[in-house]
Structures are given as structure tokens and as C-alpha cells.
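Student: I would like a close look at a single part of this model. Please choose one helix, describe how it sits in the structure, and then place it in its surroundings.

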Amino acid sequence: CIPGRTNHCSNLSLATQEVQTKSTSSSNIPFSLETLTLDGYFSFENTHHAAKDFGSTSHFHPSAILHPKSVSDIFSTIKHIFNMGSTSALTVAARGHGHSIQGQSQAHQGVVIYMQSLKEPCMKIHTGELPFVDVSGGELWINILHETLKYGLSPMSWTDYLYLSVGGTLSNAGISGQAFHHGPQINNVYQLEVVTGKGEVVTCSEKQNADLFHGVLGGLGQFGIITRARISLGPAQKMVKWIRVLYSEFSIFSRDQEHLISMENSFDYIEGFVIINRTGLLNNWRSSFNPKDPLQASQFNSDGKILYCLEMAIYFNPDENNIMNQKTESLLSELSYIPSTLFLSEVSYMDFLNRVHLSEIKLRAKGLWEVPHPWLNLLIPKSKISNFAQEVFGNILKNNSNGPILIYPVNKSKWNNKTSFVTPDEDIFYLVAFLSSAMPSSTGKDGLEHIMTQNQKILNFCAAADLGIKQYLPHYHTQEEWQDHFGLHWELFVQRKSTYDPLAILAPGQRIFQKAI
Ligand code: FAD
């Protein structure tokens, strides 16, 4: 807790050791949950799968899993635990799809709520001037896409991968190549239904219980469990022109990216990635992209170089083919990429948005999906990005990377600064995502330890050079680090915690607050 504010958060402490000892001695308490009358059910055995996530490095075993069928199951459980007060160490973690990296959706000896079991409300689409869809907090974005497309509608802001839950991404931000224009997913929500840490069910929006609404968006699950979300929709086009070009100079690459995101009428999607020392790169692209100039493309040699790929997309309907081609050519004419590296493709809107699933299928087939993922996601202010690139791509990661490295800028003006999410303090900042996979038994450069050391080197450099970065999907060990992360917003974050979850029952896996017992 922050000094001088103990009145607000006297129940919130960081006594990790004490909590773990006491929770062991009160291990009979979870079974009092059996007295609750539910539409769904608890399981107390075989709970090990709730101690695993996509990161595969954190394993906190819960005492029970709740498979809720109704919102009432969720609030009865939380109310029950809240009423036990500080006699119980039980905490509660909502688990969307468990795609966290460091145990954020786990609860050591607590209760994990499998949000995908919650099927209410049924997905309901409202057409009209301001179309929206009401969904359960456990719904996966892929299902929302399938359903809304039946009405020619679609959410506007996405993540790159769609097998993530609404509650999971709204607790973080939900960022992809549309965010420069539409803002992150947390900016594209009209209303939420939330069960707070006191077991109260609250409907909230910009106009109703706004403090809770803003707190929950990007709030890392700290203030309530999202049981329903009203997500804004827009017209969906049927097709996507998908384009990749390469740069060898970082400064030209980032200048073009920044130019594109500043335009009124730009591409619909803008991302980018770093390519370190990849042989035969363009040949690999040929399975899904066509080179504009096949002869020149075949002569391009990527070996041993660091290259930067700008990735863009335009959505269109088949009868607008000519207009789309003109717009594409006009936008591309403003860029300074290496001419021989222009690659184009046309795919359906669904295939474009669901593109990472194809990689998932291939990786699963090779047994490479369920390996440790020591990911590092950073938000870097525009004024520091070339300094960052020079040291990180030119030195720390000079010779190898263990997975994709995404890099693209977004406009801060498109982010609602009332939410819990904190961004760097500049009008434009970059998302840089090191999406590494570690080979389970390796002690070499593709092993977990080596990658984690590299991640730490990157973080150390950012701190030493005072780059003013923020972690995305943050992970810290001490409350001081969290305080530093939230900066001026920390006080409000603590205040909201003491208002909506005063016993610190919710989302213990984020390790921001500890339940005091
Ligand atoms: P979980 O891991 O289940 O939960 C995450 C956190 O939210 C936990 O603290 C949990 O307790 C809490 N939570 C879950 N459900 C609720 C709820 N209903 N109410 C309140 N709190 C809840 N992120 C991006 O922004 N952009 C991307 O492009 C992107 N791509 C990704 C690709 C892959 C392959 C993976 C694995 C992750 C990606 N992510 C991306 C990160 C992703 O958004 C987060 O990891 C997100 O938390 C995962 O959603 P989930 O449903 O699995 O959440």
C-alpha cells in the first residue's frame, strides 16, 4: 500500500510468506463451497490443468475449479468467500482461455472460475445505427467473429489471435494492427456487467458506474469479473488485400509506419516485424503471397541481415476491386521500401483475422505449441524507438531470435485515458512484442534460461537508458515495481481496489496485492 493511505487499503498487504503458510493450514475451507446451491458445479480433484497456461512456466495449483452456468454461480461464490472475511485465505481467479504467460489466471490454493462454462447471455447482435453485440465474459473472439459476420458486421479492433476470451483481453487492452485507428479493444466496449470482489453484480458504462467501468478495462482483473460485455460493431467487408514489404534501414521503416498511422485515409491494418538472420525468407512467403516482380524478388538475398517487414491490409468488397487497387497503389507510392520486396495476397476477411490459427495448427502438429513461452511485450515512446532498436536488434539480439518480434506504432489519441491501462507519455508509442518459444530441454540459445536472460538484458537496457517504457501484459515481483508501472495512476488503482475488492480476493496471479488474513 502507498504510505499515508493505510485507511484505504488496510486489508491489502504483500505478506506472501504469511499467506502461503496460513492457506495450507486452512485447507478445509474450500469444501465449505460445497454448501452453495449452484446451477453449475465445483470440482475439487484433477485441478492440475488450472495450474497451466500458455507461458508454461508458472504452476499454481488451485483448491477448486468453478464451472459456472450462471452469473449467480459467480456472485454466490465470491460473496461466500467475501463473507468469510480474513478467516479465509481463499482467492478467486477468472480463467478465460488461460493464454496468460506468467500465471495471471491462476490462484494458489484458491478458486479458479472457468469462464467459458458461462453461457449466459446468449450472444445477441443488435443492428441499427450503432450496432453492438452482447456476449458472455468467457466468450472467445473467434466465436464473436463467426456470429457477427452472419449480419455483415464485425468488431473493429482485434488481437492477432482470436482464441482468447473477451474478459481476458479486456482486462489487458487487446492490441493489434487496427489499434492505430480504432484504439485497443478496451476502447470499443459500450457496457459491462461485473461481479465485484464483494460479490455485487454491477452494470457499468461511460455513463453508469463509470469509475468501475474504467477501472475494469485494462484493470488486470483486479476490480471485478466481467460476466457480460457489450462490444461495438461496424460493417464488415468480405475480402482483404494483405501486403508485405521489406526495409533494411530501421529509420526509413519506422518513418513510413509513422506516416501511415498519421493519415486520415490509410490502410485498415498496420503492423510490422523484425527479421533477424533468416535464410530464404522470401521463398517462404511465396506459399501465401505473390511477389509483384517475381524476377527481382528471386534475386533478393536476406541471408545474414536484419530486415524490417511492414505489413499492411485493406478491407474491401469484391465489387470495389478497382477502388481498392487505386488506393493501395497510391498509399504504397508514398513509401520507401526495397522495391523488389513487394509481396501481395488476397484472402477472405475471416482468413485474415484468423491467420494465427493456421500457424497454431502447424506448430501443434510439430509439438511446438505447448512449449514454454517466455514472452516480453513492451510499449516504447516514439522518441526512443531508434535508440531501442539500435541496442536491442543491433546488439542484444544480433544473431538470433526465438520467435516473431512484432513492432508497430499506435496513436495515443485513440486510447481512452480514463481506463486502468497505462501507456508511455507520448502521442505515438510502439508495441514491441518478443514472442519467443523455448525448447523444453535445451540449455542452448533456444532454451528457457537463455531467452529469459535476454529478456532481462532488454529490460535492464530500457531502465538504464531511461526510455520511459511500459510493459504490456505486465509482470513484476514487488509492489514497488507495480507502483512504478502505474506511476501517477497508482493511487487511483489502489483506491479502486479498496472500493471494489477490499479483501484482495480477485486475480491473485497478477501478484499486485495479497489477501491479508
Ligand atoms: P486469461 O489468461 O484466462 O486471463 C488473463 C487475466 O485476465 C487473468 O488475470 C484473469 O484472471 C483475468 N480474466 C480472465 N477472464 C476475466 C474476466 N471475465 N473478468 C475479469 N478478469 C478476467 N494480446 C493482445 O493484446 N494482442 C494480441 O495480438 C495478442 N495475441 C496473442 C496471441 C497468443 C497466441 C497468445 C497466447 C496471447 C496473445 N495476446 C495478445 C495476449 C492475450 O491478450 C492475453 O494473454 C489475454 O489475457 C489472454 O486472454 P485469455 O482469455 O486467455 O485470458
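Tutor: What follows is an account of one helix, then of the sheets and the ligand shell. The model is a predicted one, and the description should be read with that in mind.

The part chosen is helix α14, which covers residues 448-464. Its 17 residues, at 1.5 Å a residue, should span 24 Å, and the end C-alpha atoms are 24 Å apart, so the expected and the computed values agree. Which residues of α14 are buried? They are L448, I451, Q454, I458 and C462. Seen down the axis of α14, these buried residues fall within an arc of 135°, and therefore they line one face of the helix. The general background is that an α-helix has 3.6 residues a turn, so residues three or four places apart point the same way. On the other side of α14, the exposed residues are E449, T453, Q456, N460, A463 and A464. The cover over the buried residues includes strand β18 (376-381) and helix α13 (385-396). Just after α14, D466 adopts a positive phi of about 50°.

Strand β18, part of that cover, also belongs to an open sheet of 9 strands. The order is β15-β17-β13-β16-β14-β19-β20-β18-β21, with antiparallel pairing. At the edges stand β15 (290-291) and β21 (470-472); each has a single partner strand, so one side of each is left without a neighbour in the sheet. Within this sheet, β14 (residues 269-276) and β16 (residues 306-316) pair in the antiparallel sense over 8 bridges. V274 stands opposite Y308 in β16. In a regular strand, the side chains alternate between the two faces of the sheet.

Other strand pairings involve β3 (residues 64-67). Strand β2 (residues 41-43) runs antiparallel to β3 and is joined to it by 3 bridges; here Y41 has H67 as its bridge partner. Strand β5 (residues 111-114) runs parallel to β3, again with 3 bridges, and I65 is partnered by V112 in β5.

Turning to the ligand, 36 residues lie around it, and G96, H99, S165, G167 and G168 come nearest. At least two residues of the shell are supplied by each of β4 (92-95), α4 (166-170) and β11 (224-232). By class, the shell holds 13 nonpolar, 20 polar and 3 charged residues.

Definitions and conventions. Residues are numbered from 1 along each chain as its sequence is written. This is a predicted model: local features need pLDDT of at least 70, side-chain atom pairs count only at pLDDT 80 or more; totals for chains, interfaces and linings use all residues. Two strands pair if DSSP finds at least two bridges between them. Helices (H or I, at least four residues) and strands (E, at least two) are DSSP runs, numbered from the N terminus. The expected span of a helix is 1.5 Å times one less than its number of residues. A residue is buried if 20 or more other C-beta atoms lie within 10 Å of its own, exposed if 12 or fewer, and partly exposed in between; C-beta atoms are placed from the backbone. The arc is that of the directions from the helix axis to the C-beta atoms. Two residues are in contact if their C-beta atoms, placed from the backbone, lie within 7 Å. A residue is near a molecule or strand if its C-beta atom, placed from the backbone, lies within 6 Å of it. Ala, Val, Leu, Ile, Met, Phe, Trp, Tyr, Cys and Pro count as nonpolar, Asp, Glu, Lys and Arg as charged, and the others, Gly among them, as polar.
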